[in-house]
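Welcome! Here is a short guided walk through one protein chain, written for someone meeting it now. Have a look at the sequence and the structure, and then read on.

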Amino acid sequence: MLPFKLIYHEDYDLHLGSHVFPSQKYRLVRDAALAEGIAAPEDFLKPNLADDADVLRVHTSEYVHKLKTGTLSASEQMILEIPAGPETVRAFWLAAGGTILAAQRAHQDGFAANIGGGFHHAFPEHGEGFCMIHDVAVAIRRMQADKAIRTAMTVDTDVHHGNGTAAIFAKDESVFTLSIHQERNYPSRKPPSDIDLHLPDRIGDDDYLAILERGLWQAFSEFHPDMLFYVAGADPYREDQLGGLSLTLEGLQRRDKLVFQHARRMNIPVVITLAGGYARNVQDTVRIHINTFLAARDSANAPSAQKPKPTTSGL
Ligand SMILES: [Zn+2]
């Protein structure tokens, strides 16, 4: 039914109870995609756990060992902000396996979405901000190792800066990183991405989209990646509990369309990951993620001649 695959595993859920991170959203998104007839059961693929060898392309063996043996220090546990038991470790390894699978399918089909992942605050030697390991970086490294891609671009529209992504790829000319985020928000220290679009508080749809569009034109004029990894956070939404921007549901979908139009223009495959989303009403977070898939479907089905027009004047 969908022109691309959705990657999902029931054990993505971290079962955090009343925690602000609604990890049940993965199941809710899957259920909504089925209930609304957007996807059929055969549109879903179930990932395997990422191999440790793949995780170790990004993360240090010391950190992986601490995760596997439950020996994070109290301060490491504190900055992670979620409990790091064996089920949580398994969920993050599955999410990384899911983004690897999504990348492999996108390579084949043009698009693929992991109904999970986007853990952009994970660093090689520690996790933070609900992000234990960096699924997107693991998938990029695996795809490069398989020689399926040589270069990649990350476009991160989560309301929070992609600090882990920026740090991991800081000295790597094969991966171009773009982050558009609220400046006065977590994380306090923001290592530089290739393009950082620091936004003022409470920016609305039109201003946001104009800034993003300029950033995308700049990014793709500087770099032509083999694959785009879209970190499609739902938390720039105006009703988000951890965000301070003022995008509407419609504005967020226009954001998605803009990213996909540029990928089409460059004729490169797109891997979607969900990242954050903490709307007061979890159903809004679910709607934002579903809308991302619908925008991807429209883009995948659009005639290839359709191209976005630059907003800047001149040639
Ligand atoms: Zn976020």
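Residues 24 or more positions apart make up 77% of the contacts in the chain with a separation of 6 or more. Please keep in mind that this is a predicted model.

**The overall picture**

The chain's secondary structure consists of 10 helices and 8 strands. Its radius of gyration is 18 Å, close to the 20 Å that the globule rule gives for 315 residues, so the chain is as compact as a globular protein of that length. Along the principal axes, the C-alpha trace spans about 55 × 40 × 40 Å. How much of the chain is buried? Of its 315 residues, 61% count as buried. As for the surface, the chain exposes about 12,700 Å², and 49% of that area is supplied by carbon and sulfur atoms.

**The core and helix 5**

Now let us step inside. The largest nonpolar core has 108 residues, and L6, F229 and I272 are those with the most contacts inside it. Which element gives the most to this core? That is helix 5, with 12 residues.

Helix 5 runs over residues 86–109, and at 1.5 Å a residue its 24 residues should span 34 Å; the C-alpha atoms at its ends are 34 Å apart, which agrees. This helix is mostly covered, with 17 of its 24 residues buried. Just after helix 5 comes G110, which takes a positive phi of about 95°.

I272 deserves a visit of its own. Setting aside neighbours within four places in sequence, I272 is in contact with F111, A112, A113, N114, Y230, A232, F260, T292, F293 and A296.

**Helix 9 and its surroundings**

Helix 9 has 18 residues and reaches 26 Å from its first C-alpha to its last, close to the 26 Å expected at 1.5 Å a residue. Its buried residues include G251, L252, Q253, R255 and D256, and F260, listed above as a contact of I272, is buried in helix 9 too. What do the buried residues of helix 9 pack against? Their partners are strand 3 (111–114), strand 4 (152–156), helix 8 (205–222), strand 7, strand 8 (270–273) and helix 10 (282–301). After helix 9 comes N267, whose phi is positive, near 60°.

**Two buried residues**

M143 lies in helix 6 (residues 135–145). With a relative accessible area of 2%, which is under the 20% cut-off, M143 counts as buried. Not counting residues up to four places away in sequence, M143 touches A103, Q104, H107, A148, I149 and M227. M143 and G110, the residue just after helix 5, are 33 residues apart in sequence and 15 Å apart in space, C-alpha to C-alpha.

D235 sits in the loop between strand 7 (228–231) and helix 9 (249–266). Is D235 buried or exposed? At 0% relative accessibility, D235 counts as buried. Leaving out neighbours within four places in sequence, D235 is in contact with D158, V159, H160, D240, G243, G276, G277 and Y278. D235 and R27 are 208 residues apart in sequence, and 18 Å separate them in space, C-alpha to C-alpha.

**Salt bridges**

Side chains of opposite charge can pair when their charged atoms come close. How many salt bridges does the structure hold? There are 15, and the table shows three of them.

| Side chains | N to O distance |
|---|---|
| E10 and K46 | 3.2 Å |
| K68 and D52 | 2.9 Å |
| D146 and R142 | 2.8 Å |

The pair E10 and K46 links distant parts of the chain, 36 residues apart: E10 is in the loop between strand 1 (5–7) and helix 1 (25–35), and K46 is in the loop between strand 2 (44–45) and helix 2 (52–55). E10 is partly exposed, with a relative accessible area of 41%.

The pair K68 and D52 also links distant parts of the chain, with K68 in helix 3 (residues 61–69) and D52 in helix 2, 16 residues apart. K68 counts as partly exposed at 46% relative accessibility, and D52 counts as partly exposed at 31%.

D146 counts as partly exposed at 41% relative accessibility. Finally, D54, R57, R142 and D146 are joined into one network by salt bridges that share partners.

Terms used: Residues numbered from 1 in each chain as written. Predicted model: local features only at pLDDT ≥ 70, side-chain atom pairs only at ≥ 80, totals over all residues. Heavy atoms only, no water. Helix = DSSP H or I, 4+ residues; strand = E, 2+ residues; numbered from the N terminus. Expected span 1.5 Å × (residues − 1). Buried < 20%, exposed > 50% of the residue type's maximum accessible area, 1.4 Å probe, protein only. Core = buried A, V, L, I, M, F, W, Y, C linked by side-chain atoms within 4.5 Å. Contact = heavy atoms within 4.5 Å. Salt bridge = Lys/Arg side-chain N within 4 Å of Asp/Glu carboxyl O. Rg over C-alpha atoms; globule rule 2.2 N^0.38 Å. Areas by Shrake-Rupley, 256 points an atom, 1.4 Å probe, with all protein chains shown as cover.
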